[in-house]
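Me: I've got this model open and want to know what lies behind the labels people put on it. Can you take me through a few?

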Amino acid sequence: MMNKEQYLLYFIMGSNNTDKDPEEALREAVQGGITCFQFREKGEDAREASGKKELAQRLQVICREAGVPFIVNDDVDLALELGADGIHAGQEDTPLRDIKKRCSGSMTVGVSAKTKAEAEQAVQDGADYLGAGPMFATSTKEDAEAPVGPETVRMLRQSGITLPIVGIGGIGTENAASVMEAGADGVSVISAISRAPDIQQAAQSLRNVLR
Ligand SMILES: Nc1nc(C(F)(F)F)ncc1COP(=O)(O)OP(=O)(O)O
Ligand SMILES: [Mg+2]
């Protein structure tokens with residue numbers, strides 16, 4: 001199970017989010033101080049089946065060596081097969097109740113939630129953290145909805161949600177602090193790190209604005 005501090009800089013990446021070798025990109029992000037990693041292999045040119053599993057295994061080793069939690073997006077079967085530290089499910093993915101039936105109590109389960117109703121349902125179903133977004137405009141998630149802004153994090157906190165919340169969507173060094181000030185425990189980032197010329201520096205710069 002994760003502690004709140006581990007949500008601080010929650011890096012998400014798949015092979016199509018970087019022009020680098022994904023293992024090298026993750027090593028550099030770990031060096032730069034990410035505190036959690038989500039393997040999100042989907043969309044254009046995403047690897048599938050054995051290619052996806054083999055890449056996941058190699059990235060999981062990097063996380064394990066660094067003591068960084070390894071979370072799998074969407075794919076419950078893969079998360080269970082790998083013995084991942086957690087799984088993340090959106091509102092359109094496998095319902096949390098079904099995931100919880102298959103996962104051991106030690107597995108962290110995160111849910112995307114941007115309304116009070118979605119958040120309260122997730123809490124009721126036993127979610128360990130919430131991903132709220134998109135905070136800002138994002139070009140990474142092809143089917144992203146309209147940005148909801150950090151005020152959504154504030155609304156969830158004012159609604160009495162005490163679960164760890166990470167903001168996601170279009171976050172970089174220029175707007176990460178606004179997400180934290182709204183009451184998030186961390187920020188989730190893809191391209192601000194994965195597409196940076198110097199990935200380690202990008203992760204470090206984000207850590208510096210988050211402290
Ligand atoms: N993958 C995510 N990770 C987070 C986390 F909190 F972990 F940062 N929050 C939200 C999402 C978005 O999840 P979802 O709505 O299912 O879309 P997709 O599967 O395309 O990512
Ligand atoms: Mg999903």
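Reply: Sure. Helix 1 and helix 2 count as roughly parallel to each other. Keep in mind that this is a predicted model.

Me: Why are helix 1 and helix 2 called roughly parallel?

Reply: Helix 1 (residues 22-32) and helix 2 (residues 49-66) pack at an angle of about 20°. Angles under 35 degrees count as roughly parallel, so the label fits. Their axes are 10 Å apart, and helix 1 passes helix 2 in a right-handed crossing.

Me: What makes the contact between helix 1 and helix 2?

Reply: Helix 1 brings Pro22, Glu23, Leu26, Arg27 and Val30, while helix 2 brings Leu55, Arg58, Leu59, Ile62, Cys63 and Ala66. By class, that is eight nonpolar, no polar and three charged residues.

Me: And which residues make the contact of helix 1 with helix 9?

Reply: From helix 1, Ala25, Glu28, Ala29, Gln31 and Gly32; from helix 9, Ile199, Gln200, Ala203, Gln204 and Arg207. They divide into four nonpolar, four polar and two charged, with Gly counted as polar. Helix 1 and helix 9 (residues 199-210) pack at about 35°, with their axes 7 Å apart.

Me: How do you know that strand 4 and strand 5 pair?

Reply: Pairing takes at least two bridges, and strand 4 (residues 86-89) and strand 5 have four, in the parallel sense. In strand 5, Val111 is the bridge partner of Ala89.

Me: Why is strand 5 called mostly covered?

Reply: Buried means under 20% relative accessible area, and four of the five residues of strand 5 (residues 108-112) are buried, so the label holds.

Terms used:
Residues numbered from 1 in each chain as written. Chains lettered and ligands numbered in written order. Predicted model: local features only at pLDDT ≥ 70, side-chain atom pairs only at ≥ 80, totals over all residues. Heavy atoms only, no water. Axes fitted to C-alpha atoms, helices over the stretch in contact; angles between N-to-C directions. Helix = DSSP H or I, 4+ residues; strand = E, 2+ residues; numbered from the N terminus. Parallel < 35°, antiparallel > 145°, perpendicular 65-115°, else oblique. Left-handed = near helix turned anticlockwise from the far one by under 90°. Contact = heavy atoms within 4.5 Å. Buried < 20%, exposed > 50% of the residue type's maximum accessible area, 1.4 Å probe, protein only.
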